[in-house]
Amino acid sequence: MTRSDWSDWLPRAVEAADPETVAIWYLGCNGFVLKGSEGTTVFIDPYVGIGSPPRTVRMVPIPFDPEDVTEADAVLATHEHTDHVHGPSQAPILENTGATFVAPDDSLSVAYDDEAWFDDYDLSDDQFEEVTEGDTVEIGEFTIHVEPAYDPDATHPVSYVFEHESGTFFHGGDTKPAEEFTDVGERYDIDLGVLAFGTVGNIADKETGEPVRTKWYNDENQIIEAASDLDLDRLLPSHWDMWKGMTSDPKVLHHHAKSFAAPRSLEIVEIGDRVDL
């Protein structure tokens, strides 16, 4: 069972919120929760695991216990990696709320086969919805478009564009710049976009345990390239806080972005922070 470092204040804050537009809380790693003005609540890539020390070591608090979440309409996964699809982090939310798990095929395979969520949690088949690039899903007040992503470390990554009457939100998962992003930027007027950011670090190889030069996320130039292609109004860097040896300082992005027309501003947040569309 997960034990939150922060008790239950974050789930209670989400439940109590009454946003005029869309409120967005950063859960650390690449996790977010969105709540619309009509109360629709959607989690994206929530992860409260500790990694696999000493190879991957969590560097930020565990901000909530999934058992404490009582309001959710859907949980979305961008790709199949453990810090994006994780039974102990996500299945209790589905079990307690009846929310739908929306994900591409390889992410669903983790839930069905690799982790066998149905063996440990009281879930039903109709709570799982497979999506792929080009699909559109309606969840409450959100229209969610499934778009391409480029993550060479994943087998089937996707990105999501959330359209709401008050604005448009993009979550890229762990994508790096993709040739499709110029088209995405032309088709949507994205107010706020999330892109993963980090440094290059020496991470222990899974097989040998020896340190290997590893790059999982965008560097300073890649994240601005992707944000520029997507024509983001506001860029919110994520994932920079999570893993020991891969952390970075998102404030440096001000220097990299200042000569580009987009992103027009940076939204620098820490775990637990709320921003609004």
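## His 145 and its partners

Let's start with a pair of side chains: His 145 and Glu 163 are joined by a polar contact of 2.7 Å. A further polar contact, of 3.1 Å, runs from the side chain of His 145 to the side chain of Thr 136. Please keep in mind that you are looking at a predicted model.

Where along the chain does His 145 sit? Its place is in strand E10, which covers residues 142-148. Is His 145 buried or exposed? Its relative accessibility is 12%, and because buried means under 20%, His 145 counts as buried.

The surroundings of His 145 reach beyond its two polar partners. With the neighbours within four places in sequence left aside, His 145 is in contact with Asp 135, Thr 136, Ser 159, Tyr 160, Val 161, Glu 163 and Tyr 188. Thr 136 and Glu 163 thus turn up in this list, and each of them also has a side-chain polar contact with His 145.

## The annotated domain

UniProt lists residues 28-239 under "domain: Metallo-beta-lactamase", in an unreviewed entry. If you trace that span in the model, its end C-alpha atoms lie 7 Å apart. Helix makes up 20% of the span and strand 30%.

## The enclosed space

Now for the empty space. Rolling a probe the size of a water molecule over the atoms shows where such space is left. How many cavities of 30 Å³ or more does a search of the whole structure find? The search finds 1, and the volume of the largest cavity is about 100 Å³.

The lining of the largest cavity consists of 13 residues, and those nearest its centre are Leu 10, Pro 11, Val 14, Phe 43 and Val 69. Two or more lining residues come from each of helix H1 (9-16), strand E2 (32-36) and strand E3 (41-44). H1 provides the largest share, with 4 residues. Sorted by class, the lining of this cavity has 8 nonpolar, 2 polar and 3 charged residues.

## The open pocket

The largest pocket holds about 480 Å³ of space. Which residues lie nearest its centre? They are Arg 55, His 81, Thr 82, Lys 206 and Trp 216, out of 15 residues that line the pocket.

What classes do the lining residues of the largest pocket fall into? Here the division is 4 nonpolar, 5 polar and 6 charged. For the largest cavity, to set the two side by side, the lining has 8 nonpolar, 2 polar and 3 charged residues.

Conventions: Residues numbered from 1 in each chain as written. Predicted model: local features only at pLDDT ≥ 70, side-chain atom pairs only at ≥ 80, totals over all residues. Heavy atoms only, no water. 1 Å grid on protein atoms, 1.4 Å probe; cavity = no way out; pocket = protein on both sides within 12 Å on 5 of 7 lines; lining within 4 Å. Points joined across faces, edges and corners; volume = space filled by probe spheres on them. Nonpolar A, V, L, I, M, F, W, Y, C, P; charged D, E, K, R; others polar. UniProt positions renumbered as here; feature names shortened; annotations may be inferred. Buried < 20%, exposed > 50% of the residue type's maximum accessible area, 1.4 Å probe, protein only. Polar contact = N/O pair within 3.5 Å; in protein donor to acceptor, adjacent residues only side chain to side chain. Contact = heavy atoms within 4.5 Å.
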